[in-house]
Amino acid sequence: VQLQASGGGLVQAGGSLRLPCAASGRTMSGYVMGWFRQAPGKEREFVAAISSNGINTAYADSAKGRFTISRDNAKNTVYLQMNSLKPEDTAVYCCAADRNWGVVVAAYDYWGQGTLVTVSS
């Protein structure tokens, strides 16, 4: 499955962005989908995950209460709604897919190109 994230950009602190990730090649419905981010000079880290049927979700502590992951299997797209953004949220955000549930980088087999989110103070 091929993945492509988009929707990044420059936003002021306190603002919102919605990142879509479109899947192609295979239907996304059988995959767990995850969002990860990598800030300059830091390792890639988990942000959020959603089960294949959309019922179960998980969030990093830094994302809880501010970010929401969702999916539309009919559109083969997973979304990350980010509210109350902070400068420390600045990073390249990418989506990933796997057949099995996971909240760490190593758990995912398929990765897409990222999209840069910059939050100004």
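Does Asp 89 count as buried or exposed, and what is its relative accessibility, are questions taken up in the third view below: which of the two words applies to Asp 89?

**View 1. Strand E9 within the predicted model.** The structure shown is a predicted model, and this view is centred on strand E9, which spans residues 91–98. Of the 8 residues in strand E9, 7 are buried, so the strand is largely enclosed by the rest of the structure.

**View 2. The strands that pair with E9.** Strand E4, made up of residues 32–38, runs antiparallel to E9 and is joined to it by 7 bridges; within this pairing, Met 33 has Ala 97 of E9 as its bridge partner. Strand E11, residues 115–120, also pairs with E9 in the antiparallel sense, here over 3 bridges, and Val 92 stands opposite Leu 116 of E11. A further antiparallel pairing, over 2 bridges, links E9 to strand E10, residues 110–111, where Trp 111 is the bridge partner of Ala 96.

**View 3. Asp 89 in the loop before E9.** Asp 89 lies in the loop between strand E8, residues 77–82, and E9. With a relative accessibility of 1%, Asp 89 counts as buried, because buried means under 20%. Leaving aside residues up to four places away in sequence, Asp 89 touches Arg 37, Arg 66, Phe 67, Ser 84, Val 117 and Val 119.

**View 4. Asp 89 and Gly 65.** Asp 89 and Gly 65 are 24 residues apart along the chain, and their C-alpha atoms are separated by 14 Å.

Key: Residues are numbered from 1 along each chain as its sequence is written. This is a predicted model: local features need pLDDT of at least 70, side-chain atom pairs count only at pLDDT 80 or more; totals for chains, interfaces and linings use all residues. Side-chain values use heavy atoms; hydrogens and water are left out. Buried means under 20% relative accessible area, exposed over 50%, partly exposed in between (1.4 Å probe, protein chains only). Helices (H or I, at least four residues) and strands (E, at least two) are DSSP runs, numbered from the N terminus. Two strands pair if DSSP finds at least two bridges between them. Contact means heavy atoms within 4.5 Å.
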